[in-house]
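Let's take a walk through this one together, starting with a bit of vocabulary and then going from the overall picture down to single side chains.

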Amino acid sequence: MSLLPAGKRLAFAAQGERLCLGVWRAGRWIVCPYGAVLDGASAKDQCARCAQLDRSRSVAADTMADDPRPYGVYLAYFGPGLLKVGITAAERGPARLVEQGAVAYAWLGRGPLMAARRAEALLGSALSVPDRFAKAAKRAARGALPPVPVRAAELAQLHRAARQLAGWPETLEPVEFACADHTELFGLDRIPGEVAELGGMTPGAEIVGEVLTGVGADVYLRLAGVGAEVGVGVKAGAVAGAVSGAGERERGAGAGGVAGAVAVMDARLLSGWVLGPAVGEATTVPVRAAARGAGEREREGMGGQEGLF
């Protein structure tokens, strides 16, 4: 957040190939021994073999049940009806909520890892509270959020229901309800109702624009120019074509846009690239209409959560 303040101008290009970041060990990345090249459109920053090695001792993959650290169970709000349950190491505080782009949140309990896991599972089975939402659903909700008191009331209702469940883990200490809201931190009032999306990078592709705000891994930019029409969907297979101007566009998605349009970029798509200065004045990655999918659960596997606890 602090590295990309509102008003900051970005102008960079992808150079070479996107390479696997390797394995996270002892607080640093160890270079991928395979030199694996990654898909520019994927949020994953590891190849399959490095990801498998990370998962061999991971809280997210339930292969670290002996972790002695205390854990917090939280309820996170992303929009009306979009409430999830999750856990995070207590020592991390609200960092996990910020990383996920939670609009608001409340702590539910605190205790040993396995007790936190049982509480998370209990909410899922008894109250059908999910443990994740699709990126498209979270993005769509940000453009039409209700007032802060309404968000807090929805969180409070779920908090009360969760605490009344039979089977609450005895070793999990309950936490009184207190709503924390990220309106100011994320600059949510700077996000317009209609926002396009930037696709993945390809060698030589450029992004040029001004930062409006950042929410989790999402960075909202006012584009200086585009190589594909804003508001017109570029098909998934046409990433390279959008850079060269040959991208096939889908009909009926809206009128073409101009410089000054707002688009959201998933910063995770930049991991593994070497970034250099842009040589042009326009964004040349694919720009497409925002996907719809409110309420859809994210089923991308647990790899994206490793190391975040």
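First, the vocabulary: a charge sits over a ring if NZ of Lys or CZ of Arg is within 6 Å of the ring centre and within 35 degrees of the ring normal. With that in hand, look at R110: its charged end sits over the ring of W107, 5.7 Å from the ring centre. R49 does the same kind of thing with Y34, where the charged end sits over the ring at 3.6 Å from its centre. Keep W107 in mind, as we'll come back to that ring. One caveat before going on: this is a predicted model.

Now zoom out. The protein has seven helices and 14 strands. Of its 309 residues, 48% are buried. If you take the contacts with a sequence separation of 6 or more, 75% of them are between residues 24 or more positions apart. As for the surface, the protein exposes about 14500 Å², and carbon and sulfur atoms supply 54% of that.

Back to the rings. The structure holds four aromatic pairs. One of these joins Y74 and W107: the geometry is edge-to-face, with 6.3 Å from centre to centre and 85 degrees between the planes. Y74 belongs to strand β4 (residues 71-79) and W107 to strand β6 (residues 104-111), so this pair ties together parts that are 33 residues apart in sequence. Are these two rings buried or exposed? The cut-off for buried is under 20% relative accessible area. Y74 has just 1%, so it counts as buried, and W107 is buried too, at 17% relative accessibility.

W107 also pairs with Y105, again edge-to-face, at 5.9 Å centre to centre and 80 degrees between the planes. Both Y105 and W107 are buried. Put the pieces together and Y74, Y105 and W107 form one aromatic cluster.

Y74 has a polar partner as well. What does the side chain of Q100 make a polar contact with? The answer is the side chain of Y74, at 2.7 Å. Q100 is in helix α2 (residues 95-100), and at 10% relative accessibility Q100 is buried. Apart from neighbours within four places in sequence, Q100 is in contact with Y74, F78, K84 and K138.

Next stop, L83, in strand β5 (residues 82-89). L83 is buried, with a relative accessible area of 9%. Setting aside neighbours within four places in sequence, its contacts include V129, P130, F133 and L158. L155 is another contact of L83, and the two are 72 residues apart in sequence while their C-alpha atoms are 7.6 Å apart in space.

Finally, head to strand β1 (residues 9-15), where you'll find F12. Its relative accessibility is 11%, so F12 counts as buried. Which residues does F12 touch, leaving out those up to four places away in sequence? Among them are M201, A205, E206 and I207, along with M265 and L270. The run L275, G276, P277 and A278 touches F12 too. There's also a long reach in sequence here: F12 and T283 are 271 residues apart along the chain, yet their C-alpha atoms are separated by 9.3 Å.

Key:
Residues numbered from 1 in each chain as written. Predicted model: local features only at pLDDT ≥ 70, side-chain atom pairs only at ≥ 80, totals over all residues. Heavy atoms only, no water. Helix = DSSP H or I, 4+ residues; strand = E, 2+ residues; numbered from the N terminus. Buried < 20%, exposed > 50% of the residue type's maximum accessible area, 1.4 Å probe, protein only. Contact = heavy atoms within 4.5 Å. Areas by Shrake-Rupley, 256 points an atom, 1.4 Å probe, with all protein chains shown as cover. Phe/Tyr/Trp six-rings, centres within 6.5 Å; stacked < 30°, edge-to-face > 60°. Polar contact = N/O pair within 3.5 Å; in protein donor to acceptor, adjacent residues only side chain to side chain.
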